Amino acid sequence: MDETLSKTSNKNLQKYGLEKVNAHWNLDGETLQELTVAKGMGTETVNGTLCVNTGKFTGRSPKDRFLVKDDYTSDKVWWGRVNKPIAPENFDKLYNEVAKYLSGKEVYIRDAYVCADPKYRMNVRTITEYPWSNYFVKNMFLRLKDDELENFEEDWLVLCAPGYEAKEPKSFGIGSGNFSIINFTKKIALVAGSAYTGEIKKGIFSALNLILPTENNVLPMHCSANVGEEGDTAIFFGLSGTGKTTLSADPERRLIGDDEHGWAADNTIFNFEGGCYAKVIDLTEEKEPDIFRAIRPGALLENVVFKEGTKEVDYSDFSITQNTRVSYPIEHIDNIQIPSFAKNPKNIFFLTCDAFGVLPPVSKLTPGQAAYHFISGYTAKVAGTEAGINEPVPSFSACFGEPFMPLHPTVYAEMLSKKMTEAGVNVWLINTGWTGGPYGVGSRIKLKYTRAMISAILKGELEKVDYDQHPIFGLHMPKYCQAVPTELLDPMNTWLQKGAYVSKAIQLAHSFHLNFDKFANQASEEILNGGPLIDTHHALADHI
């Protein structure tokens, strides 16, 4: 530990309201791991990977997320269920409470940046109560060279104090003792009462989702991205469980990033981050070789369980949470783009896991349909994944990342439409869910078929085939795709009873319309026309 002590600094942090703290600056991962284990905050797996338990919170707490409402945000933010306001004076009180709580303690400081494209780089200083929270930031934000740390000045500050809980929260204008608050004027993200590391990552992502579109004409995206040998970039949007990380990991293409990107005016796609934060539930080397092999010293596992009597992780054990996670530097993946940005976006994939077995496995979208499905952000929760869910339930998250989007979803959708039109990008809806019937009746579409469809698109092969239009959703379905059974391409053909298919498809279309009602008054006619066909019965007359 002598080396650790030599790196300990008592630099003056009074400008942040921190008094008499024992501050550790930019410790290396090995030292942070030693400190975490020594303090009884974590253990090591059989291969030496650090493993921690995040305690009460094993995921984000959306109901406890707030944005400071002031002159900067008042007329920009889409206020409501997702973006809840807090008064500036209440933020100041809470900040002072957290600063007072951290004073006199050990804290861990990490200087890093986000946005790989130098034109949009944003320096972030993160001060954490726990060493392993700092380890997460080291993995996830972009790392600086030693000489860049000497004169570092932050653009944003993150203050993270999992051990603090607000007493009498209602007096601060919040509902619980834990909270995550973003102050755009003071450029501070404040996280307290929760040790779930995703709150740090998504706090800065949320900040970028307001700053980049309004100040830089950059579209922020909750997506993964990769680039081919010819320099063609592909973008993959999708909610948890749809295959975003799996399908963007392609041995023939270089990974740009797996979760957060920007699309700049010069058609550059750039990673916001320097690492990956992947789910590991049911992880196997066969299914997810890149993620499995990335879990080695330098990675940080969260809320996993060991096999009895060993230090070997049982990835099938979700007794703590379904949301078991690992963070690791992107360099733990072999085939990556360095630096992590590229030009020439050619294809966008919207991934959905349709547990109703209704949507085609692959379909090409018009610009209006692309905007509609982007705003909708559809997938389905499968029976058994949550208490009380006994059959598939539609799940919608605007822009495939509604909890992190401060602006109205139509703002992002119109930016996407404009950029895809200018760049000549093709947009595809890929269903990685069920075929031949809903969950419990049909079967999951085989990964090898989904990969074959995406491969055919990236090679331009689906530009040369004929298409049918789906009678209810209006989607354009290819009649042929190499290495994919033809009957699979039109989902109605896979159901034994076509009447049952029609009934289920109309039911899902109705869910789309109901969800879209809250966006309709700010959506253009082109976007509105991109949804499921209204006169479904008439459209079906000649199809059955």
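This report looks at how the two domains of a predicted model meet, and at the salt bridges in the chain.

## Ground rules

The model is predicted, so local features need pLDDT of at least 70 and side-chain atom pairs count only at pLDDT 80 or more, while totals for chains, interfaces and linings use all residues. Residues are numbered from 1 along each chain as its sequence is written, and side-chain values use heavy atoms, with hydrogens and water left out.

## Two domains

The domain assignment, with bounds from an automatic or database source, splits the protein into domain 1 (20–218 + 275–332) and domain 2 (221–263 + 344–529). Their centres, taken over C-alpha atoms, sit 29 Å apart. Where they touch (heavy atoms within 4.5 Å), domain 1 brings 29 residues and domain 2 brings 27 residues.

Together they bury about 2300 Å², with 58% of it on carbon and sulfur atoms. That buried area is the accessible area (1.4 Å probe) lost when the two parts are put together, summed over both. On the domain 1 side, Trp-78, Phe-205 and Asn-209 lose the most, together 27% of what that side buries.

## What holds the interface

Five salt bridges cross between domain 1 and domain 2. Here a salt bridge is a side-chain nitrogen of Lys or Arg within 4 Å of a carboxyl oxygen of Asp or Glu. Helix α6 (198–216) is among the elements that supply at least two residues to the domain 1 side of the contact; in fact α6 gives the largest share, eight residues. Helices here are DSSP runs of H or I, at least four residues long, and strands are runs of E, at least two, numbered from the N terminus.

## A salt-bridge network

Lys-201 pairs with Glu-260 (3.2 Å, N to O) and also with Glu-273, where the closest N and O atoms are 2.7 Å apart. Glu-273 lies in the loop between β16 (269–271) and β17 and Lys-201 in helix α6, so this pair ties together parts 72 residues apart in sequence. Both Glu-273 and Lys-201 are buried (under 20% relative accessible area; exposed is over 50%, partly exposed in between, with a 1.4 Å probe and protein chains only). The wider network links Lys-201, Lys-202, Lys-244, Asp-259, Glu-260 and Glu-273.

## Elsewhere in the chain

The rule finds 24 salt bridges. One of them joins Asp-111 and Arg-125 at 2.7 Å, N to O, linking strand β7 (residues 106–114) to strand β8 (residues 122–128). Asp-111 is buried at 4% relative accessible area, and Arg-125 is buried at 7%.
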